[in-house]
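Biologist: I'm new to this one, so could you walk me through it? I'll ask, you explain.

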Amino acid sequence: MSDYHLRDSFILGSAATLHVCNDRTRFQDIRPTSNEEFLYAGNAVTPIEGFGSVTVTIQAPEGPRPIVLKEVAYVSSFHTSVASLDRFIAKDVYWDTKDQRLTYKDRTFCTLRRRHGQWV
């Protein structure tokens, strides 16, 4: 297990093509993968252990609110979990870096905070 500061957080990944969660207990459901599904990060090739749905609490304008991320890859060896900006954009959710938020239909969907050099 990692002692990384953001081990239990989801960071927003602008280069990530899929959501990744490192904690099996956060999955509502999970299905195993074939032996041929991998995640490529830097020069590492890491097997994906499963896919499923994960509930994440976001900071919405009205306060904390749960959302469900679907088709999340389970990779227990990741030092933190990652929410894919690419997947959000596919759902018309965009990153406003100036105001530190994600927007949907030009309204704040959730606010972001910078922690340990990452957007959480």
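Modeller: What follows is a run of questions and answers on this structure, which is a predicted model.

Biologist: Let's start with charges. How many salt bridges does the structure hold?

Modeller: Side chains of opposite charge can pair when their charged atoms come close. One such pair is R31 with E71, and another is D96 with R101. The count for the structure is 2 salt bridges.

Biologist: Take R31 and E71. How many residues apart are they in the chain?

Modeller: Their closest N and O atoms are 2.8 Å apart, yet the pair links distant parts of the chain. R31 sits in strand β3, residues 27-31, and E71 sits in strand β7, residues 63-74. Along the chain, that puts them 40 residues apart.

Biologist: And is R31 buried, exposed or partly exposed?

Modeller: Buried means under 20% relative accessible area and exposed means over 50%, with partly exposed in between. R31 comes out at 39%, and its partner E71 has 38%. Because 39% falls between those cut-offs, R31 counts as partly exposed.

Biologist: Now the D96 and R101 bridge. Is D96 buried or exposed?

Modeller: The closest N and O atoms of D96 and R101 are 2.9 Å apart. R101 has a relative accessible area of 18%, which makes it buried. D96 has 17%, and since the limit is under 20%, D96 is buried.

Biologist: On to the strands. Which strand forms a hairpin with β7?

Modeller: Look at strand β6, residues 50-60, which pairs with β7 in the antiparallel sense over 10 bridges. Within that pairing, F51 stands opposite A73 in β7. There are 2 residues between the two strands, and the hairpin partner of β7 is β6.

Biologist: Strand β2 joins β7 as well. Do they run parallel or antiparallel?

Modeller: Strand β2 covers residues 20-21, and 2 bridges join it to β7. As one landmark, C21 stands opposite Y74 in β7. The direction of β2 and β7 is parallel.

Biologist: You mentioned C21. How many disulfides are there?

Modeller: A disulfide needs two cysteine sulfur atoms within 2.5 Å. The closest cysteine sulfur to that of C21 is in C110, 17 Å away, so the two are too far apart for a bond. The same gap holds when you start from C110, whose closest cysteine sulfur is in C21. The count comes to 0 disulfides.

Biologist: What is the relative accessible area of C21?

Modeller: C110 is a useful companion here, as it counts as buried at 4% relative accessibility. C21 is buried too, and its relative accessible area is 0%.

Biologist: Let's look at the largest pocket. Which element gives the largest share of its lining?

Modeller: The largest pocket has a volume of about 420 Å³ and is lined by 21 residues. F10, V56, T57, I58 and V120 lie nearest its centre. The elements that give two or more residues to the lining are β1 (10-13), β6, β7 and β11 (107-111). The largest share, 4 residues, comes from β6.

Biologist: How many of the residues lining the largest pocket are nonpolar?

Modeller: The lining of the largest pocket can be split by class. There are 4 polar and 4 charged residues in it. The nonpolar residues number 13.

Biologist: What about backbone angles: where is Q100, with its positive phi value?

Modeller: Phi of Q100 is near 55°, a positive value in a residue other than glycine. Q100 is partly exposed, with a relative accessible area of 37%. Its place is in the loop between β9 (93-96) and β10 (101-104).

Biologist: And K105, is that one buried or exposed?

Modeller: K105 also has a positive phi, near 55°, and is a residue other than glycine. Its place is in the loop between β10 and β11. Relative accessibility is 63%, and since exposed means over 50%, K105 is exposed.

Biologist: Last one. How far apart in space are Y40 and L112?

Modeller: Y40 lies in strand β4, residues 38-41, and is exposed, with a relative accessible area of 62%. Y40 and L112 are 72 residues apart in sequence. In space, C-alpha to C-alpha, the distance is 26 Å.

Technical notes:
Residues are numbered from 1 along each chain as its sequence is written. This is a predicted model: local features need pLDDT of at least 70, side-chain atom pairs count only at pLDDT 80 or more; totals for chains, interfaces and linings use all residues. Side-chain values use heavy atoms; hydrogens and water are left out. A salt bridge is a side-chain nitrogen of Lys or Arg within 4 Å of a carboxyl oxygen of Asp or Glu. Buried means under 20% relative accessible area, exposed over 50%, partly exposed in between (1.4 Å probe, protein chains only). Two strands pair if DSSP finds at least two bridges between them. On a 1 Å grid over the protein atoms alone, a cavity is a set of points where a 1.4 Å probe fits but cannot get out, and a pocket is an open set with protein on both sides within 12 Å along at least five of seven lines; lining residues have an atom within 4 Å of a point. Grid points are joined across faces, edges and corners, and a volume is the space filled by probe spheres set on the points. Ala, Val, Leu, Ile, Met, Phe, Trp, Tyr, Cys and Pro count as nonpolar, Asp, Glu, Lys and Arg as charged, and the others, Gly among them, as polar.
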